[in-house]
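Colleague: I am new to this structure. Please take a close look at one part of the model, then show me what lies around the rest of the fold.

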Amino acid sequence: MSSSSGTAIINLDIEGPVISRHLYGHFAEHLGRCVYGGFWVGEDSPIPNEGGIRLDVVAALRALNIPNLRWPGGCFADEYHWKDGVGPREGRPRMVNTHWGDVEENNHFGTHEFLALCELLGAEPYINGNVGSGTVQEMSEWVEYLTRDGDSPMVRLRKANGREDPWRVRFWGLGNEAWGCGGNMRAEHYADLARQYSTYCRDHGDNALYRIAAGASDDDYAWTETLMRQISCFGCEATPKNFFQGLSVHYYTLTGPWDAKGSATDFDEESYYRTMAAAARMDRIIQGHSTVMDAYDPKRRVGLIVDEWGTWFDVEPGTNPGFLFQQNTLRDALVASVHLDIFHRHAERLAMANLAQTVNVLQAVLLTDGDQLVRTPTYHVFEMNKGHQDATSLEVHLRGTGIQRTVGEAELTTLSVSASVKDGAALISLTNLDAERPAEVTLDLRGGTLADPTGRILTADRLQAHNTAAQTPVTVRPFDGLRADDRGLALTLPPHSFVTVTGRLA
């Protein structure tokens, strides 16, 4: 079988922008079994837990150095009233989750439980407030309840509920998907609300808020421009007004139309390539929004936040269609590796990204089944790539033959590479998206060399391979295919594989 060939030119001594650790964030919505049965099992559960939070999930996520966790939604955020989720659990009112499965929830997992989870994870909380059905006062009081010290009505309520000291909570979302489930608003109407809500979400003490406006879906650049006009002027050098510090965008990788997305596990090669072409489109989506933002904020003070991304397929047969449970194959892992490469390339503008979602929903990194915990293929990509967190990016120039494939009207590059340096070492991530052919790759390392390089690989015999409690065919193995080359290193990437190379700078 023929192979493709590519050269990745990397200047080890020319450093780019820092890759924020927050690009490796996660998302936990009250949706299906993400919170209840995923993170939360209750204090009376036989599953080992601390205060009701299951400890195997915590341990697995800590191994990823999870930097932040977004909660409580998603669409759920705009029907969630936080005061129903504080105080003694037995006294909390029940609610109906109208967005996801029309199920009743007992509100046992609320604000205190979420902040306890973040403390166990060592992750920063990212709280999404209710703009769709809530009030300015409600969100303002939530900020006060969590972050204010001294004496005030909300501080007294927090202390009465068992928490003496305030938490540090920087990240606040000003609603979610205001163009859709967050209120079906026009951009102009939401822009006014974002200004209003941000005014009353105040900094208490030294807790400086990072307010994130609910941005666009996919390539709706007009929505982004409408919001940017609220804080700056076109083409000017003025410092943006401080209404919000971040602006979100949501983009999911879909293989088919919305009403027939296709199976997560039963797919052919054509479907695989359509998925990869859709995933690669993230680069153009980010570039488009960044270009609009540059016109109003050329010094890039406002961060672009991709706080929902991932694959979205049809739910597994026999499961509640409102729970969005799908299996996770090697295909999902390669979608993740390509996305993370794209995020690294846009590190100057991109401030945060959140995979949807963490446990049991959409492109989850973990699946739970009773007391069993499964690390999905996507989990392993995050683990292999965690060295990029807060590292300095290195620009990669890629050239090659046979690494372009036409998929519909799109041109898919089947070789993806990103690199960074931190603490005197380099990490290079490489993905071969070709389903059948290996890729011969040369790492043309300039301005330095890598001493004692080592590699790791994630692949499987089949694109459809996925992990279960009974079998785990998609796991990380040592990669012994590194070869010295006059230009640096050479390696052969197997078909549909993800490889990382690390080494000390010399």
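Modeller: Start with α2. T111, H112, E113, F114, L115, L117, C118, L120 and L121 are its buried residues (buried: under 20% relative accessible area, exposed over 50%, partly exposed in between, with a 1.4 Å probe and protein chains only). The model is predicted, with local features needing pLDDT of at least 70 and side-chain atom pairs 80 or more, while totals for chains, interfaces and linings use all residues. Numbering runs from 1 along each chain, and side-chain values use heavy atoms, without hydrogens or water.

Helix α2 spans residues 111-121, and 9 of its 11 residues are buried. The helix is thus mostly covered. Helices and strands are DSSP runs numbered from the N terminus (H or I, at least four residues; E, at least two). After α2 comes G122. Its phi is positive, near 70°.

Now move on to β8, residues 124-128. Its parallel partner is β5, residues 68-71, and 4 bridges join the two (strands pair if DSSP finds at least two bridges). One of the links ties R70 to Y126 of β8.

Both strands belong to a barrel. Its 8 strands close in the order β2-β5-β8-β9-β10-β11-β12-β13, with parallel pairing. From one strand to the next, the twist averages 30°.

Other helices lie across the barrel strands. Helix α6, residues 221-228, crosses β10 (210-217) and β11 (246-253). Its direction is about 150° to β10 (axes are fitted to C-alpha atoms, and angles run from 0 to 180 degrees between N-to-C directions). Helix α8, residues 282-296, lies across β10, β11, β12 (303-311) and β13 (350-356). Against β12, α8 runs at about 160°.

Helix α8 also helps line the largest pocket, supplying at least two residues. So do β1 (4-19), α7 (269-280), α9 (330-345), β16 (391-401), β18 (410-413) and β19 (415-422). The top contributor is β16, with 6 residues. In total, 37 residues form the lining. D283, I342, R345, H346 and V396 lie nearest the centre. A pocket is an open set of 1 Å grid points where a 1.4 Å probe fits, with protein on both sides within 12 Å along at least five of seven lines; lining residues have an atom within 4 Å of a point.

The second largest pocket has 24 lining residues. Nearest its centre are E177, W179, Y252, W258 and W312. Strand β11 gives the largest share of that lining, 3 residues.

Definitions and conventions. Contact = heavy atoms within 4.5 Å.
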